[in-house]
Amino acid sequence: MIHSTAKIGRNVTIKEDGIIGENVTLEDDVYIDYGCIIRDNVHIKKGSFIGARTIIGEYLMDFYKDKTNKVHPLIIGENALIRTENVIYGDTIIGDNFQSGHKVTIREKTIIGNNVRVGTLSDIQGYCEIGNYVGIHSNVHIGQKSKINDYVWIFPYVVLTNDPTPPSEVMLGVTIDSFAVIATGSIILPGVHVCEDGFVGAGAVVNRDVPKETVVVGNPAKEICSVSKIKNKLTGELVYPWRYTFKRGMPWEESGYESWYNSLDIRGDEKNV
């Protein structure tokens, strides 16, 4: 079923059992797979793929008061790859080249930058800010009011919390600065700030801020060394900061980080990446 107010671009595919709501815009070359629900006021930009049984523009709580859908626009950028059974709520903005695994949930008031990946069964609880080129692996929980800057890696089963005295009405989101790495199974407690190039070891419980370029491990997490001391277990070579040794999928993939960085056409005081 396609509502009469929907705007459908060229070469758009809408498979069987789909619902396209009021004031929806599907730009050119969008593919909507079987059984999707695209609710009112959703804008999906060109070249995007929406996997089967996905709900885009899910109702916010205000719908359930009188069962009428309020205006909560949702924008999905160009060339998104959203796999099966995702649920993405209204009042959300997602940038270009977004990719998700299966059964991902993204709640309202979330802003996601370009070239972000979110793995299967991950849950972004809303009112979050996520920068560019962020990699969130599977089974990650991002609590409300989290702020994740550019080029951050978050590995499976990480939890970012937000309530310092649960249950309460107080929410203190976690902040993670650019190039930080949060390893598998870590728990970051409310209000913690992981600074640029910080490294949280697997299984750590972090209850205080992580300084720049510092490795923390354990429960409670403690500082053990600078990231510059970590070596590749196979080669013995220094690994961090990782942007100098890893480039797959990054904007410096072709040239390496230093060449890419030096080519940026911006003032020196703005070169903060």
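Colleague: What share of the contacts in the protein chain with a separation of 6 or more comes from residues 24 or more positions apart?
Modeller: Such pairs make up 22% of those contacts, a contact being heavy atoms within 4.5 Å. Please keep in mind that this is a predicted model, where local features need pLDDT of at least 70, side-chain atom pairs count only at pLDDT 80 or more, and totals for chains, interfaces and linings use all residues. Numbering runs from 1 along each chain as its sequence is written, and side-chain values use heavy atoms, without hydrogens and water.

Colleague: What is the chain built from, and why is it called as compact as a globular protein of that length?
Modeller: The chain has two helices and 32 strands (DSSP runs numbered from the N terminus: H or I of at least four residues, E of at least two). Its radius of gyration is 20 Å, close to the 19 Å that the globule rule gives for 273 residues, so the description fits. That radius is taken over C-alpha atoms, and the rule is 2.2 Å times the number of residues to the power 0.38.

Colleague: Why is N79 called partly exposed?
Modeller: Its relative accessible area is 42%, and the class lies between buried (under 20%) and exposed (over 50%), with a 1.4 Å probe and protein chains only; therefore N79 falls in the middle class. N79 sits in the loop between β10 and β11. Beyond its neighbours within four places in sequence, it contacts K46, G47, S48, N97 and F98.

Colleague: What makes strand β32 hardly covered?
Modeller: The count of buried residues among its five residues, 222–226, is zero. Over the whole chain, 43% of the 273 residues count as buried.

Colleague: How do you know that β31 and β32 pair?
Modeller: Pairing needs at least two DSSP bridges, and four join these antiparallel strands. One example is V216, whose bridge partner in β32 is E223. The hairpin has four residues between the strands, and G218 takes a positive phi near 95° there.

Colleague: What is the volume of the largest pocket, and which residues are closest to its centre?
Modeller: It holds about 380 Å³. Of its 19 lining residues, N115, R117, V134, G135 and W153 are closest to the centre. W153 also lines the second largest pocket, of about 220 Å³.

Colleague: What makes something a pocket?
Modeller: It is an open set of 1 Å grid points over the protein atoms alone, where a 1.4 Å probe fits, with protein on both sides within 12 Å along at least five of seven lines; lining residues have an atom within 4 Å of a point. Points join across faces, edges and corners, and volume is the space filled by probe spheres on them.
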